[in-house]
Amino acid sequence: MMKKTLIFCISAILTVFCYGQSNLTRGEELMMQNNPSGAVAFLERALAEEPSNVTAYLYLGIVYEQLNRPDDAIAIYRRVLPMAGNQSAIVANNLGNVYFRRGNNDLAEQFYSQAISTSAVFPNAYLGRANTRIKSGQLLSAVADYEQYLVLEPRSVQRPNIEQLINLIRSDIAAEEMRKIIAEEEARRLEEERAKLLESVSASLQSLSDSSQGLSAGSENIEHYDGEFELD
């Protein structure tokens, strides 16, 4: 009797274990087959059965993204991030991606930076942060991130496009600097012209003032006749 009970317990444990594994495995297979609608239920069950499974969180977050459920993806990624361990960079990068697509550049950059601080050799985070910085106008910082991405991913299929973009950004920055220099020189020239005109006008006014004082001084020598005039 005891032997049968032990066999039953072991069988039950193995059934639960295999069921959980099959949910995760099946969910992964469907996800890889680009079938997020089919994968989501398996992954949700796998996570319910094993709430500390970081991989299940990651897969489920990806599936939520594919199903255009960004709020659910964010909730899943945020929940797993504190316990993600050596997968923290991936989770933080995925959060950055979701926020980037939602147009929240501040949070996107924050999580890309967190991914980089966790793993300085994580190329996708540099690429994501570079794209975010382009959108927020941080062009020089974006160039630095693009260059670091290319160092880490020298054979990236995006290399020609990224290098072209870097050259365009540098050209724009150089042109903007030239415009500033020209504008400053023009402002300086106008200021010098104004100063010269002011000096000329001041000198003319001083000359008129001196002339007026001369006339006034000459009038003091004119004799005044106080008598009466008689007409013949």
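Biologist: In which helix is Arg133 found?

Modeller: Good place to start. This is a predicted model, and in it Arg133 sits in helix H7, which covers residues 123-135.

Biologist: Before we go further, what mean pLDDT does the chain have?

Modeller: The mean is 84, with 81% of the residues reaching 70 or more. Residues 1-20 are another matter: pLDDT stays under 50 there, and the model has 4 contacts beyond four places in sequence for that stretch. Where pLDDT is low, the predicted coordinates should not be read in detail.

Biologist: Fair enough. How many helices and strands does the secondary structure come to?

Modeller: There are 9 helices and 0 strands. Reading along the sequence gives the pattern α-α-α-α-α-α-α-α-α.

Biologist: And what share of the residues in the chain is buried?

Modeller: Of the 232 residues, 28% are buried. The chain exposes about 15,600 Å², and carbon and sulfur atoms supply 56% of that area. As for contacts between residues at least 6 apart in sequence, 43% of them join residues at least 24 apart.

Biologist: Back to Arg133, then. Is it buried or exposed?

Modeller: The cut-off to keep in mind is that buried means under 20% relative accessible area. Arg133 has 12%, so it counts as buried.

Biologist: Which side chains make polar contacts with the side chain of Arg133?

Modeller: Two acidic ones. The side chain of Glu109 makes a polar contact with that of Arg133 at 3.1 Å, and the side chain of Asp145 makes one at 3.1 Å as well. Setting aside neighbours within four places in sequence, the residues in contact with Arg133 are Glu109, Gln138, Ser141, Ala142 and Asp145.

Biologist: Which residues are linked with Arg133 in a network of salt bridges?

Modeller: The network links Arg133 with Glu109, Arg129 and Asp145. Within it, the side chains of Arg129 and Asp145 meet in a salt bridge, 2.8 Å from N to O. Arg129 lies in helix H7 and Asp145 in helix H8 (residues 139-152), so this pair ties together parts that are 16 residues apart in sequence.

Biologist: How do I judge the burial of Arg129 and Asp145, and what are their relative accessible areas?

Modeller: Use the under 20% cut-off again. Arg129 is buried at 12%, and Asp145 is buried at 4%.

Biologist: How many salt bridges does the structure hold?

Modeller: It holds 9. One of them joins the side chains of Arg102 and Asp71, at 2.5 Å from N to O. That pair links distant parts of the chain, 31 residues apart: Arg102 is in the loop between helix H5 (88-101) and helix H6 (105-118), while Asp71 is in helix H4 (residues 70-80). Arg102 counts as partly exposed, with 46% relative accessibility.

Biologist: Which residue does Arg69 meet in a salt bridge?

Modeller: The partner is Asp72, with 2.8 Å from N to O between the side chains. Partly exposed is the class between the 20% and 50% cut-offs, and Arg69 falls there at 31%. Asp72 is partly exposed too, at 32%.

Biologist: Let's finish on the surface. Which residues form a nonpolar patch there?

Modeller: Met178, Ile181 and Ile182 form that patch, and together they have about 280 Å² of accessible area. To find the patch in the viewer, go to helix H9, residues 159-218, where Ile182 has its place.

Terms used
Residues are numbered from 1 along each chain as its sequence is written. This is a predicted model: local features need pLDDT of at least 70, side-chain atom pairs count only at pLDDT 80 or more; totals for chains, interfaces and linings use all residues. Side-chain values use heavy atoms; hydrogens and water are left out. Patches are made of residues with over 30% relative accessible area and no salt bridge: like charges are joined within 9 Å, nonpolar side chains (Val, Leu, Ile, Met, Phe, Trp, Tyr) within 5 Å. Accessible areas come from the Shrake-Rupley method with a 1.4 Å probe; for residues, only the protein chains shown count as cover. A salt bridge is a side-chain nitrogen of Lys or Arg within 4 Å of a carboxyl oxygen of Asp or Glu. Helices (H or I, at least four residues) and strands (E, at least two) are DSSP runs, numbered from the N terminus. Buried means under 20% relative accessible area, exposed over 50%, partly exposed in between (1.4 Å probe, protein chains only). A polar contact is a pair of N or O atoms within 3.5 Å; within protein, one must be able to donate a hydrogen and the other to accept it, and residues adjacent in sequence count only if both atoms are side-chain atoms. Contact means heavy atoms within 4.5 Å. pLDDT is the predictor's confidence in each residue, from 0 to 100.
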